[in-house]
Every structure is written in C-alpha cells, then in structure tokens.
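The following exercises concern the overall form of one chain and the setting of one of its residues. Each task is followed by a worked solution.

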Amino acid sequence: MSRTALLVTHTGRRRSTEHARAVAADLIAAGFEVRVVAEEADDLDLPGVVPVTGPEAAEGAEIVFALGGDGTFLRAAELARPAKAPLLGINLGKVGFLAEAEIDDLDTAVRDVVGRNYTVDERLTLDVTAEFEGGPTVESWALNEISVEKGERAQMLELLVDVDGRPLSRYGCDGVVCATPTGSTAYAFSGGGPVVWPEVEALLLVPISAHALFSRPLVTAPTSTFVITVDPFTTLAVLCCDGRRVYDLPPGARVTVRRGALPVRIVRLRARPFTDRLVAKFDLPVQGWRGSRR
C-alpha cells in the first residue's frame with residue numbers, strides 16, 4: 001500500500017527549498033507519494049510530487065512535514081488538523097519552538113518517519129466565535145493563541161472579560177490574549193504570561209498593557225469559556241488567530257473562546273523533557289560562572 005506525506009515549506013528561502021527537495025526525494029525513494037502545496041510546486045521543481053490545494057490537502061496523509069520556522073509550522077497545522085494527520089516540524093528558521101527536530105537532524109528524522117519510529121502527542125487548541133451587529137458570524141481556531149487587540153495605535157481598547165459566564169474584569173488595554181499551553185511560550189509569554197508545560201490541560205488569559213490594578217495573567221480549567229466584549233463606545237478592535245487569520249471587530253462585538261473540538265497531532269521523535277527544550281530554545285543559563293555544581 002502506498003504511503004503518503006504532505007510537504008509544507010517556506011519556498012521564499014532558497015535554503016528551505018533545497019532541504020525540501022532533499023526530503024521529498026528521500027521519501028519518494030522510500031515509496032511515499034509526496035504531496036506539495038500547489039503554490040509551492042514550481043519553486044520546488046521536483047519530479048514525482050503531487051500538487052494539492054484546499055483544506056483536503058492532507059486528507060489520508062500518513063504525516064505532514066513542516067520545514068521552516070514557527071510560521072511554517074502554523075501554516076501546516078491548518079492543513080494537518082482537519083485531516084487529523086500527525087505534524088512533524090523541522091526547524092529551518094531561528095527559534096522554531098514548535099519544531100521537533102533541527103536541520104542537523106533532518107536525515108535522521110526522515111529515516112525515523114520511514115521506519116515509523118515516532119510517537120504522536122495531541123495538543124489542545126482553541127475555537128473562537130465572534131458576533132457583531134450588521135456582520136456575519138466569524139468562526140476560527142488557533143493552536144497558539146487568539147487575541148483581541150486595538151485596531152488603532154493611538155487609542156486604548158475597552159474590553160469586558162467574562163469567564164465561565166461570570167464577569168471577571170473590565171480592562172482599558174492594548175488587548176487580551178487567550179492561549180493554549182503550546183502557545184504559552186509565544187505571544188502570551190511576551191505579554192508576561194507563565195510558561196505552561198504542554199502536557200498540562202489548561203487555558204490562559206493574559207491582558208496586554210492593561211491600565212488596571214488587577215491585570216495578572218490567569219490559568220483556568222480547560223473546560224472554561226472566555227467571552228470578550230468590545231465596549232460599544234471604544235475604538236475598533238482586531239481578532240487575530242495564531243497571527244495568521246485576522247478579522248476586524250466593530251465596537252460592541254462579542255468574542256467567545258473555548259477549547260477546540262479538534263486537537264493538533266504533533267510528532268515526537270524522541271522522549272525529550274520539555275525542560276530541555278525550554279533551556280535550549282531560550283538559551284537559559286544552567287551553567288554558573290563557577291561551572292556546574294552537579
């Protein structure tokens with residue numbers, strides 16, 4: 001039976017394209033049908049690949065490769081999630097926090113996939129619905145975070161936040177971030193939120209630059225529901241999902257965020273503690289000037 005892989009990469013970078021060609025060639029040699037996003041097919045210029053388009057691109061695929069940085073990974077997640085296909089990130093960017101392997105591990109990673117030597121984790125996601133008078137209901141999702149932010153730089157945004165059907169606080173702020181544990185090291189982290197181990201099932205709420213005595217980041221149950229209401233007399237707002245899907249919100253808009261119905265399935269090649277990933281990606285100082293005391 002033919003095995004199928006979908007390859008997603010950042011073809012705007014020559015180095016990424018070269019590595020994608022190498023991965024595709026190795027998979028084809030191992031008997032895989034290799035799909036590529038149609039818009040990337042000409043740049044890859046590789047015989048034997050199958051161009052695909054639309055949300056069904058990963059349907060029936062054994063695995064989805066994301067070769068690039070975190071942006072490429074999030075783009076690949078949009079295709080892998082509805083197909084419930086496992087997603088493997090190979091970091092060709094800078095930090096690449098979501099990636100499982102680095103560029104030096106590329107050949108080993110392909111061999112492990114061919115030999116089915118990997119496990120799959122399920123990562124919690126967020127579903128969001130935005131409703132406002134005079135416009136269509138917006139529905140989207142996120143792996144990292146959903147944010148409601150001010151749409152005009154010079155204006156403060158007024159937001160009312162409810163948690164589990166009860167009013168929590170009204171914020172004059174730059175915005176509010178609702179994040180998953182996976183996204184706790186992304187936008188929520190830069191806003192002062194905690195780092196949450198990905199195995200923890202929880203939701204995060206992080207006010208951004210709030211003019212309030214109580215503006216602490218919150219960690220709630222995974223069953224919690226956030227409702228963010230844009231004050232009717234405030235400025236325009238923007239709803240942003242993973243930094244990729246952006247929607248304008250007029251005053252009075254009501255945004256509901258809850259745990260996603262579908263997780264993202266992420267490939268793990270090695271049993272590596274999250275602590276090690278945190279130290280490596282953030283270059284944390286585990287060695288003192290006197291050296292290790294262990």
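Accessible areas come from the Shrake-Rupley method with a 1.4 Å probe. The model treated here is predicted.

**Exercise 1.** State how much surface the chain exposes and what share of it carbon and sulfur atoms supply.

*Solution.* The exposed area of the chain is about 14500 Å². Carbon and sulfur atoms contribute 50% of that area. As for the residues, 50% of the 294 in the chain are buried, where buried means under 20% relative accessible area.

**Exercise 2.** Determine how the radius of gyration of the chain compares with the globule rule.

*Solution.* Begin with the secondary structure: the chain contains 6 helices and 20 strands. Its radius of gyration is 21 Å, and the globule rule gives 19 Å for 294 residues; the two values are close, so the chain is as compact as a globular protein of that length. Next, take the extents: the C-alpha trace spans about 60 × 60 × 35 Å along its principal axes. Finally, turn to contacts with a separation of 6 or more: 66% of them join residues 24 or more positions apart.

**Exercise 3.** Locate V95 and decide whether V95 is buried, partly exposed or exposed.

*Solution.* First, V95 lies in the loop that runs between strand 5 (87-91) and strand 6 (101-102). Second, the relative accessibility of V95 is 42%. The partly exposed class lies between the limits of 20% and 50%, and V95 therefore counts as partly exposed. Third, R15 is 80 residues from V95 along the chain, and their C-alpha atoms are 16 Å apart.

Note on methods:
Residues are numbered from 1 along each chain as its sequence is written. This is a predicted model: local features need pLDDT of at least 70, side-chain atom pairs count only at pLDDT 80 or more; totals for chains, interfaces and linings use all residues. Side-chain values use heavy atoms; hydrogens and water are left out. Helices (H or I, at least four residues) and strands (E, at least two) are DSSP runs, numbered from the N terminus. The radius of gyration is taken over C-alpha atoms; the globule rule is 2.2 Å times the number of residues to the power 0.38. Buried means under 20% relative accessible area, exposed over 50%, partly exposed in between (1.4 Å probe, protein chains only). Contact means heavy atoms within 4.5 Å.
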